[in-house]
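Got your viewer open? Let's take a walk through this one, stop by stop, with something to select at each.

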Amino acid sequence: MAREVRTRYAPSPTGYMHIGNLRTALYEYLIARSMNGKFILRIEDTDQERLVEGAVDVIYNTLKLCGLKHDEGPDIGGPCGPYIQSQRRHIYLPYARELVEKGHAYYCFCSKERLEQLRSEAEAKGETFMYDRHCLKLSKEEVEEKLAKGEPWVIRQKMPREGSTTFDDMVFGTITIENNMLEDQILIKSDGLPTYNFANVIDDHLMGITHVVRGSEYLTSTPKYNLLYDAFDWEKPVYVHLPLIVKPDGSKLSKRKGDASFEDLVEMGFLVEAIINYIALLGWSPDSNQEIFSLAELEKAFDIRRISKSPSCFDMEKLRWFNAEYIRAMPAEKFHSLALPYLEKAITNKAIDLAKVSKLLQNRVEVLTEIPSKVGFFNSLEDYDLNIYTHKKMKTTLENSLENLKAALPVLEKLEPWTEESIHSSLLSLVESMGIKNGQMLWPIRTALSGWEVTPGGAIEIADILGKEETVRRIQIGIERLEKALA
RNA sequence: GGCCCCAUGGUCAAGUGGUUAAGACACGGCCCUUUCAAGGCCGUAACAGGGGUUCGAAUCCCCUUGGGGUCACCA
């Protein structure tokens, strides 16, 4: 029987969840779920210099928001704990020592200064710097002596100098790297903690990870990890390297350049379901034409073999479309509850029924944050350019607008009860009796009621929401202003 | 620069030797219509270039070009 599939999401807590990281987490989750496996969260905080306060919470919150429930992790425990590398610090050194004994690694006492100098010398000559194995020559006695003296040390992996290393990746296929390209990388740092390069191998093995899923930037260093697995005689995992997500200009997403993180997108008014749906399709495609996927549907449909190799571009427009699809598909009450915080800020007039405004908005909004800019006229009528009354297609002019507003005013003043239906029928029968086009009546009314050229909803819906009193008042203002202009 | 990887419309992408080269976003047009949306219908638009292999290449091989990644006591 095959081993249980186990994947892991192993972020370092930088306090910033970029879209590529999130997609990696999503794919790891989907691979595990689609194969009845386990999804593990492990925090890779071996870089003490980059620790960020509260960063781990960002990770928990994001996973939770997105519904990527892990089966094991720092917060919920599990059989392979602890799940935070800094809390596992004591387990790595013995493994490194084992490697030293076996001849696959060695102590190095070179100072950072020496290395920096060698590096800059190489750079000056236009060469690629690679550690010169200065400390490999040290005898066992010399090493013991330096250790006894308390000289700072690191442990380096001893790479083979000849031959090549080949591995298979589920998405990129067979990859071969010449061994002489591999540097004797540091396994244990002078602070006693392992580097990512070492810790990830030890932990992945100890945690029984079967599928190592990560960005394609790790492709060229994977041979080093396999050499480690071989040195320990451990079973190697299946590798799934993911193509990068890039910006429209082709460069990769980065925090430094201010590219949107997951949190930013949420703040920008995007729904997590839409974000997940969109990024799932960035680099993976189903075997159907289905575009809209819930997380549960993704769990069923996901297939590693359909991950693409080429990098894909993060397209805000497409995300907006997904977001709009989710907004339109949700029940009106749900949309209203999401829209409410934005509406309450934009509309302070308590007479306005915000639920009705939400109904108007649901089909007209792609992201929640654009709500305020669409509803200001409900709150109060601002001065507007009278030229809006003139509309060629509606066949309206200043003159007939005035005329029609004057005709509508008494009808509306008398109207009882004040409902969308009653407004509709009274206005339309007025139109009929006057023998004019609908637009010639409704365009001027909508203009008078809103003062805007474009509004969510038409004259009737707006009149209903505004209420009789305010509707009449705004029409009167329109009449007065038109009369003044035409006088 | 060395090494590794990638290459279908502006974007996401299907396609695994024989297709009129899907679909989606965006864009344009039309319809619907009280503005704007939504919805419906239609349309513009692609196999980077050059060599092979083959009866036949988007699909296989090579070269070129372009793009990306990687070369840390970061992950």
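Start by selecting Ser401 and showing its surroundings. Ser401 is buried, with a relative accessible area of 0%. The helix it belongs to is H15, which runs over residues 398-414. Beyond its neighbours in sequence (those up to four places away), Ser401 touches Tyr389, Thr396, Pro444 and Leu482. Before you go further, keep in mind that this is a predicted model.

**The overall layout**

Zoom out and colour chain A by domain. Domain 1 takes in 1-75 + 243-329, while domain 2 covers 381-486. Between the C-alpha centres of domain 1 and domain 2 you should find 49 Å.

**The RNA strand**

Now select RNA strand B and the protein around it. How many residues surround RNA strand B? There are 64 of them, and the closest are Thr46, Lys189, Gly283, Asn363 and Gly457. Sorted by class, this surface has 21 nonpolar, 21 polar and 22 charged residues.

Which parts of RNA strand B does the protein meet, sugar and phosphate or bases? Of the strand's atoms within 4 Å of the protein, 69% belong to sugar or phosphate, and the rest to bases.

Three side chains are good to click on here:

- Thr46 has a polar side-chain atom 2.5 Å from a phosphate oxygen of RNA strand B.
- Arg119 also points to the backbone of the strand, with a polar side-chain atom 3.1 Å from a phosphate oxygen.
- Arg446 goes to a base instead: a polar atom of its side chain lies 3.4 Å from a base oxygen of RNA strand B.

Several elements each supply at least two residues of this surface, including helix H4 (112-124), strand E6 (173-178), helix H6 (196-206) and helix H17 (438-450). Which one gives the largest share? That is H11, with five residues, and H11 is the next stop.

**Helix H11**

Select residues 316-329. Helix H11 has 14 residues and reaches 20 Å from its first C-alpha to its last, close to the 20 Å expected at 1.5 Å a residue. Look just before its start for Asp315, which caps the N-terminal end of H11: one of its side-chain oxygens lies 3.0 Å from the backbone nitrogen of Glu317.

Next, colour the buried residues of H11: Leu319, Arg320, Phe322, Asn323, Ala324, Tyr326 and Ile327. As a rule, an α-helix has 3.6 residues a turn, so residues three or four places apart point the same way. What covers the buried residues of H11? The cover includes helix H8 (262-267), helix H9 (272-280) and helix H12 (332-346).

**Two buried spots to visit**

Pick Gly269, found in the loop between H8 and H9. At 1% relative accessibility, Gly269 counts as buried. Leaving out residues up to four places away in sequence, Gly269 touches Asn323, Tyr342, Val367, Leu368 and Thr369. Try a distance label to Val367: the two residues are 98 residues apart along the chain, yet their C-alpha atoms are separated by 4.9 Å.

Then go to Ile245 in strand E10 (residues 245-246). Ile245 is buried as well, with a relative accessible area of 5%. Its contacts beyond four places in sequence include Ile19, Arg23, Leu282 and Phe314. The C-alpha atoms of Ile245 and Gly283 are separated by 8.1 Å, with their places 38 residues apart along the chain.

**Out towards Arg364**

Select Arg364, in the loop between helix H13 (354-361) and helix H14 (372-379). Is it buried or partly exposed? At 40% relative accessibility, Arg364 counts as partly exposed. Its side chain has a polar atom 2.7 Å from the backbone oxygen of Leu360. Outside the four places on either side in sequence, Arg364 is in contact with Glu370, Lys374, Pro456 and Gly457.

**Backbone oddities**

For the last stops, switch to the backbone. Most residues other than glycine have a negative phi, and most peptide bonds are trans. Here are four places to check against that:

- The peptide bond from Gly81 to Pro82 is cis, with omega near -10°; Pro82 is found in the loop between helix H2 (55-66) and helix H3 (89-102).
- Glu416 and Pro417 are also joined by a cis peptide bond, with omega about -5°.
- Arg133 has a positive phi of about 65° although it is not a glycine, and this residue is buried, at 11% relative accessible area.
- Lys395, in the loop between H14 and H15, has a positive phi too, near 60°.

Definitions and conventions:
Residues are numbered from 1 along each chain as its sequence is written. Chains are lettered from A and ligands numbered from 1 in the order in which they are written. This is a predicted model: local features need pLDDT of at least 70, side-chain atom pairs count only at pLDDT 80 or more; totals for chains, interfaces and linings use all residues. Side-chain values use heavy atoms; hydrogens and water are left out. Helices (H or I, at least four residues) and strands (E, at least two) are DSSP runs, numbered from the N terminus. The expected span of a helix is 1.5 Å times one less than its number of residues. Buried means under 20% relative accessible area, exposed over 50%, partly exposed in between (1.4 Å probe, protein chains only). Contact means heavy atoms within 4.5 Å. A polar contact is a pair of N or O atoms within 3.5 Å; within protein, one must be able to donate a hydrogen and the other to accept it, and residues adjacent in sequence count only if both atoms are side-chain atoms. A residue is near a molecule or strand if one of its heavy atoms lies within 4 Å of it. Ala, Val, Leu, Ile, Met, Phe, Trp, Tyr, Cys and Pro count as nonpolar, Asp, Glu, Lys and Arg as charged, and the others, Gly among them, as polar. Domain bounds come from an automatic or database domain assignment.
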